[in-house]
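Student: I would like a close look at a single part of this structure. Please take one helix and place it in its surroundings.

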Amino acid sequence: MKLGPYLIWTAAAVAIGCVVLLGYFVDSQLILSLRLALMRWAVLIAAAALLLGLWNLLSVHWTKVSEQYQGWPYSAILILAFLVTLVLGLMYGPDNTVMVNIFNYVQLPIEASLMAILAISLLMAGFRIVRVRRDLSSVVFIGTAFIILVATGPWLIGQDSSLQIFFGQIRNWFSQVWAAGGARGILLGVALGSIVTGLRVLLAADRPYGE
Amino acid sequence: MPEQRCPMCSKPNPENAEECIHCGARLKPLIISSDESTGRDGGQSAESSDWLSRIRSDVQASQQAEEEPESEPAAENDWLGRLRSASGEEEAQEAEEAGPPSESFPDWVDTRSPDESIDEKVPQWLARIRSKEKKKAGGEQEPAVPDDWLQSLRQKTDDEEAQPVQPEPAKDEDWLTSLRASTGEEDEPSEIPEPPVQDLGDVLPLDEIPPAEPPMASTPREEPEEDTAWLSAFEEAAGQAIEPATPIEQASRDADIGDDDSWLSDFEAATEEPPEESEEDIIETPPAFQPIDLDLTDEVPEEASEDEIFEALEALDERQPIADKPSMETPFEGLDDVEWIEPAQAQAPPAEEKPSYPEEPVSQHTPPLIFDDRSQPTEIDSQELNMAELDLPEWLGDLQKPSVEASEEKPAVDPDLAPATLPAWLEAMRPIETFRSSVEIEPDVDQSVESTGPLAGLRGVLMAEPVVAIPHQASVGSGRLDISERQYAQAELLHRMVDDEERQVSLDSKRRRRLPVFRWVISALMILAILFSIVSASPGSTMFALPERVPQDLGPLFALVDGLPTEKPVLVVFDYPPGYTGEFDAVASVILEHLMRRDISIATVSTQVTGPMLAERALARAGSDHDLVNGTDYIHLGYLSGGPTAVQLFAAAPREAILSGFLLPEELSGETAWVSSILRDVQRLSDFGMVAVITAGTDNARIWAEQANPWMGETPLVMVLSAGAEPLVRPYYEALEPQVDGILTGLPEAVAYEQMNARPADAIARWDGFNAGMLVVEAVLLAGMVYGLIQWILKPRRS
């Protein structure tokens, strides 16, 4: 093991991780205060990272505009919107009426429209999936979706009939047994992965902060 | 004789010299012939088969004849004598002066045993031939008709050898010289002072030396094939001129020889049908054989007597030009004392007149071991057979030494013999594996000197560079790869991919742009369905029936909200993006309406940047009927940056996580939201009456459930979720120690919650549009499935 500056970073990472982890098991005001201080530093660093992200986004699109890449006008619009919002935000603050109106009348309709288009696209994909992918998984996928929709959606006739009740039970069986079982498996996997990753960082096996 | 002549280079040497001072050839034989007695013992056929010994003995005999010059009358009958006589008359005169040479036949001819009876089974015509021959030779012996005429001849020869050797004509020991003079130098006979002809009938010329055991040396009956080999060769050589019915054949028929005429039968058969000679026969055949015109049908009548046949043979002998063919080895050469052969030999055409066979270039030093039928004896020209040009081995030179001493008086003739080389016929007899025409050794000056290695400085070292250093083509084809079909296919695929990368994709201008009609149709259907539901909806009523059943999760949630204390604010987390406002405006509105109905203060926070504005928008929509006042009824904490860490920090110390607020009232300008009347008593997360997280994604729900749970205390955590996020949040809700105390999912539950709350909200207002859209979606999916299945079923049948 070579001696070097990275040992300092490794020791700092391991020590901070142990302090934060100890706060879950030890009810000590000192440890809790130290833990909160460290977490505030982490939040500040995350905020700084957000600024770096914004700077990176601006530089990328600026490059596209300057190099006249394909779709550069969209990048130009993004830069323009970014600068306008930034200037207005710096001038009036984020809670100014101007900023709220920009959000309510620009950003919100755009994103809502994107979600509506997404709904249409998903419907088209569901229509073609059986024709494009002729396998069992496609049939099972589109069949399950259809049953859930029928059980969730309205019934023009036969409301509160036994058939609707039957489809309702099928829907619950799918969502609460199959879907919940799969979700629990995913959550267990995520939890185990998080534990292992944390231990590796604590043991200095992984050094995401570099050498 | 003051000097002796080298048999190899024919140059004079001192008399006592053992080796030639010019060429180094041995002049005196290393082996003194002790086989003289055995060589003379004609009765011992086995010993007489040693032709080398016979050669030596013959040389000795000739030497003795030189010392005791007795003329051999039979020498005139010797074909060699005639050969010499053809070359020069001096030799003939000297031979006559020396007297008739002793009759000496080759041992291989002399197979006659003295003990054998001579009057048995011998053709009478042959007996007459012998008798006549002996009469011609001087009548020294009794005419005898042996059983085998060859044996009789041998006996005759032995008897003559037993007699005192007659003085040979001087200077005839060098039979090679005489041969050379008689053959190659025939044009210049005067230049070569030929010694008198001596009896060389017993001394075979080099060309006549049989290559192996003389077939006639043994009993002809035992080896009839070998005995007749020379006859076959002879017949084949003469076959072109011999008619099917020869006088000999006719005579043999008349004589009715019986068992002893096997050789004649073979000869007859060979005359009729030239046999295909085997390789051995070819090798044993003399290299040059002159075809002899034995066509005696003109001279001999069909029913001729024996005398007439004999005369015809004599005439044939006279026609045989044998002077120019000294190298021919024929059975008649050994029978040089038989007169009836001589005409046949004299009848043979000269070399220039012999029938022309298609000649192939044959190296003088590398004669082919196997001749084809066309390249048999006549293929070798007379020049090659010239004795002057024949290369004699050293051992033959040794044999010649005694003769050289006898021929000292000859003028120095520079022969054309090349030293230390083998004649062509002898080279042909050598094994082909060890055959090398010549070994060329470079002189020392021309040989390179080794410059490196342990042999540095030596000259004549075999060079390794031609084998090692000189570039040469590899014997093994290493450039060829042994690949399988799969590897070849993969290589082709990779090559194609690389080519596709380099190829510029051209705009497919020809491709007709298809309008997304189907997409437009679906969009139109959905829009029309929603518009129809909106337009057709009337206040207080819905086109689609409201759900009458309350979901099982909705009752506890409603009871929880309905039982919240009013003095504690409720923290509502708006963690959904603006795109989900269409869903969450309706879902979240019901629970906000319930809280407002109970006059519970609301504090909002968000981990999304747009969250505070969405919170403001939702509260403004929901509280329009409640006259909510910012800072009094609700307060916005704003944006909580930092992700999960910020959530944990907020859960542990809310006041330290958020230092300001969003859209704070004017009285709180310059202050934080924590100083408002709503949050004045809130120090930690557990001070809130309830935490309701409105989120569309599972991550935000999981973060709040995991990070905030340790600091939640008794404060309930409620999740208002989108329909897609429900499965991942439900495990937190259905656990034994649930981290989520209530779930409100989707518009149907919101409608049910609204119905339970009995306060109008946005859920029921959107119920008709939602259901209309759901019907369109169900219809489209059903149509897609049917369409796909039909294609799935029909397309394989088409193919």
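Tutor: What follows looks at helix α4 of chain A, at the chains around it and at the nonpolar cores. The model is a predicted one.

Chain A first. Its secondary structure amounts to 6 helices and 0 strands, in the order α-α-α-α-α-α from the N terminus. The chain has 211 residues, of which 10% count as buried. Among its contacts with a separation of 6 or more, 26% are between residues 24 or more positions apart.

Within chain A, α4(A) packs on helix α3, residues 72–92. The two axes come within 9 Å and cross at roughly 145 degrees. On the α3(A) side, Thr85(A), Leu88(A), Gly89(A) and Tyr92(A) make the contact, and α4(A) meets them with Val98(A), Met99(A) and Ile102(A). Sorted by class, this contact of α3(A) with α4(A) has 5 nonpolar residues, 2 polar ones and no charged ones.

Helix α4(A), residues 97–132, also packs against a helix of the other chain, α21 of chain B, which spans residues 517–536. Here the angle is about 125 degrees and the axes are 10 Å apart. The pair α4(A) and α21(B) is therefore oblique, and the crossing is right-handed. From α4(A), the residues in this contact are Ile120(A), Leu123(A) and Met124(A); from α21(B), they are Arg519(B), Ile522(B), Ser523(B) and Met526(B). By class, the contact of α4(A) with α21(B) holds 5 nonpolar residues, 1 polar and 1 charged.

That helix pair belongs to the wider subject of how the chains meet. The contact draws 44 residues from chain A and 51 residues from chain B. On the side of chain A that touches chain B, the elements giving two or more residues are α2 (29–66), α4, α5 (136–152) and α6 (162–202). Of these, α4(A) gives the most, with 17 residues. This side of chain A is made up of 28 nonpolar, 8 polar and 8 charged residues.

Chain B has 31 helices and 8 strands. Of its 799 residues, 50% are buried. Contacts between residues at least 24 apart make up 80% of those in chain B that join residues at least 6 apart in sequence.

Now the cores. The largest nonpolar core has 95 residues, and Val691(B), Ala692(B) and Val720(B) touch the most other members. Helix α23 of chain B, residues 581–597, contributes the most to this core, with 9 residues. Leaving out residues up to four places away in sequence, Ala692(B) touches Val570(B), Val572(B), Val573(B), Ile591(B), Val718(B) and Val720(B). Another core, of 15 residues, lies apart from the largest one; among its members are Phe127(A), Val777(B), Val780(B) and Met785(B).

One residue of chain B can serve as a local example. Val740(B) sits in the loop between α28 (726–733) and β8 (742–745). It counts as buried because it has 22 C-beta neighbours inside 10 Å. Its C-alpha atom is separated by 5.2 Å from that of Leu717(B), 23 residues apart along the chain. With residues up to four places away in sequence not counted, Val740(B) touches Ala705(B), Leu717(B), Met719(B), Val729(B), Tyr732(B) and Tyr733(B).

Definitions and conventions:
Residues are numbered from 1 along each chain as its sequence is written. Chains are lettered from A and ligands numbered from 1 in the order in which they are written. This is a predicted model: local features need pLDDT of at least 70, side-chain atom pairs count only at pLDDT 80 or more; totals for chains, interfaces and linings use all residues. Axes are lines fitted to C-alpha atoms, for helices over the stretch in contact, and angles run from 0 to 180 degrees between N-to-C directions. Helices (H or I, at least four residues) and strands (E, at least two) are DSSP runs, numbered from the N terminus. Angles under 35 degrees count as roughly parallel, over 145 as roughly antiparallel, 65 to 115 as roughly perpendicular and the rest as oblique. A crossing is left-handed if the near helix is turned anticlockwise from the far one by less than a right angle, and right-handed if clockwise. Two residues are in contact if their C-beta atoms, placed from the backbone, lie within 7 Å. Ala, Val, Leu, Ile, Met, Phe, Trp, Tyr, Cys and Pro count as nonpolar, Asp, Glu, Lys and Arg as charged, and the others, Gly among them, as polar. A residue is buried if 20 or more other C-beta atoms lie within 10 Å of its own, exposed if 12 or fewer, and partly exposed in between; C-beta atoms are placed from the backbone. A nonpolar core is a set of buried Ala, Val, Leu, Ile, Met, Phe, Trp, Tyr and Cys residues joined through C-beta atoms within 7 Å.
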